[in-house]
Amino acid sequence: MNAAGPRPQVVWLKRDLRLFDHSPLTAAAQSGGPVIMLYVVEPDYWRLPDVSRRHWHFIHECLYELRTALTEHGHTLIVRTGSAIDVLKHLREDLGVFDLHSHEETGNDWTFRRDRQVAAWCRARGIAWHELPSHGVVRRLANRDHWQKQRDARMAAPLVNIPSFPASASGLDQGNLPAKSDPLFGSDAIGNVQQGGRTEGLRVLASFLEDRSRKYMQTISKPGVSARHCSRLSAHIAYGSLSVREIEHAARAKFKTLASIGGADAVSHRKNISAFLSRLAWRCHFVQKLEQQPNIEFECMHKAFEGMREPHHNQAFFEAWKSGRTGYPLVDASMRSLRENGWINFRMRAMLVSFASYHLWLDWRVTAPHLAQLFTDYEPGIHFSQ
């Protein structure tokens, strides 16, 4: 296809399900070649113990809205089910040699190994894979001495508007978006799932900055009211319907507006916005930690703790903990709420893990995958660090 013109540009979407502030899309659009937007549903990924149908429900809504948005721009979202390499092989047969664009992904070990295989495949076939930074994570850092400055510089950079880009003339079939109920994603009941999609993400961001954030600091640790006054943006960040940078820009703009208003209410509101901004930075810090120490998915941070719990696993305790039937009211209420809604605040998450690890003497490598399945906003960098 591309013998007489610029190479096709394939944008591989992962945890970045948006068009706005999307550097790989911008880079692909600037090449002058036809742009193909690709999402790959990878069956082997969905068989892992730390993923669930709850995640797919949120992702499905993001992809459905993204496909609609692309159609309105005269484009389409290509969806393929299969291994990433098999999908890329078929694209090469259809398109010839192409350039591949994506964000760098700091995910679990499975995605890391998959990306290494894709990189080797691309090198062997003359396909340039352009991986661009995502959020505040800096790849190949020798140490953390200057990480914060690099992170802050990225967050301060201008937002990237949706570019104009030529539609693909490939004639590729857009492919089916698997249903939320597809058995590929499991069959367990999942309760409620936070609504996905960029429109909803922008609504949640606006409601938080304008109103809900007023009580952010005083309610962030309270099991009940935190569900309203926390940002509730974590799932939108995890799957990229919003970028961390656009959230930070919006929060700083609100902070600046409040500074110009003056008065006790505005001062209090500013303090809450400032606290939220610090937690955005903490988020990048924890994902950076996994980027530099990927072994924390499998190994204790302190080697002295290896082997302490594994021989003493109590399955009955584990089942009681999972079902919210330990007999400890706050622990059980938190687990049942999480099972039903896919979200609890940070303090209650920490309590569930601490109770499982210390009171029930359960190995975190047993409890971590279960919690990952329940959290709609599962983010490996935060999950395994914590």
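This is a short walk through a predicted model, from a set of paired strands to the pockets and cavities.

Let's start with strand β2, residues 35-41, which is mostly covered: seven of its seven residues are buried. In a regular strand the side chains alternate between the two faces of the sheet. Here V35, M37, Y39 and V41 point one way, while I36, L38 and V40 point the other way, and all of them are buried. The chain arrives at β2 from β1 by way of helix α1 (residues 23-30), and this β-α-β crossover is right-handed.

Strand β2 has partners to look at in turn. With β1 (residues 9-13), β2 pairs in the parallel sense over five bridges, and Q9 stands opposite V35. With β3 (residues 77-81), β2 again pairs in the parallel sense over five bridges; there V40 stands opposite R80.

Next, have a look at helix α3, residues 53-72. Its 20 residues, at 1.5 Å a residue, should span 28 Å, and the end C-alpha atoms are 29 Å apart, so expectation and model agree. After α3 comes G74, with a positive phi near 85 degrees. Within the helix you will find A69. Because its relative accessibility is 22%, and buried would mean under 20%, A69 counts as partly exposed. A69 is 56 residues from L13 in sequence, and their C-alpha atoms lie 15 Å apart in space.

Now for the empty space inside the fold. Rolling a probe the size of a water molecule over the atoms shows where empty space is left. A search of the whole structure finds three cavities of 30 Å³ or more. The largest cavity holds about 240 Å³, and brings us back to the strands. Its lining takes two or more residues from each of β1, β2, α2 (43-46) and α5, with the largest share, three residues, coming from β2. Of the 20 lining residues, K14, Y39, Y45, E105 and R114 lie nearest the centre. Y39 is thus one of the buried β2 residues named above. By class, this lining divides into twelve nonpolar, three polar and five charged residues.

The second largest cavity has about 180 Å³ of space. Its lining has 16 residues, and those nearest the centre are E104, E105, T106, S134 and H135. Helix α12 gives the most to this lining, with three residues, and α10 also supplies at least two. The classes here are four nonpolar, four polar and eight charged.

The pockets come last. What is the volume of the largest pocket? It is about 1400 Å³, and 47 residues line it, with F346, R349, I382, H383 and Q386 nearest the centre. Helices α10 (234-238), α12 (264-292), α15 (346-359), α16 (364-374) and α17 (380-385) each supply at least two lining residues. The largest share, eight residues, comes from α15. In this lining 27 residues are nonpolar, eleven polar and nine charged.

The second largest pocket contains about 510 Å³ of space. Among its 21 lining residues, F112, D115, R116, E131 and R139 are the closest to the centre. Helix α5 (109-124) provides the largest share, seven residues, while β5 (129-132) and α12 each supply at least two. Sorted by class, this lining has seven nonpolar, three polar and eleven charged residues.

Notes: Residues are numbered from 1 along each chain as its sequence is written. This is a predicted model: local features need pLDDT of at least 70, side-chain atom pairs count only at pLDDT 80 or more; totals for chains, interfaces and linings use all residues. Side-chain values use heavy atoms; hydrogens and water are left out. Helices (H or I, at least four residues) and strands (E, at least two) are DSSP runs, numbered from the N terminus. The expected span of a helix is 1.5 Å times one less than its number of residues. Buried means under 20% relative accessible area, exposed over 50%, partly exposed in between (1.4 Å probe, protein chains only). Two strands pair if DSSP finds at least two bridges between them. A crossover is right-handed if, with the strands pointing away from the viewer, the path from the first strand over the helix to the second runs clockwise. On a 1 Å grid over the protein atoms alone, a cavity is a set of points where a 1.4 Å probe fits but cannot get out, and a pocket is an open set with protein on both sides within 12 Å along at least five of seven lines; lining residues have an atom within 4 Å of a point. Grid points are joined across faces, edges and corners, and a volume is the space filled by probe spheres set on the points. Ala, Val, Leu, Ile, Met, Phe, Trp, Tyr, Cys and Pro count as nonpolar, Asp, Glu, Lys and Arg as charged, and the others, Gly among them, as polar.
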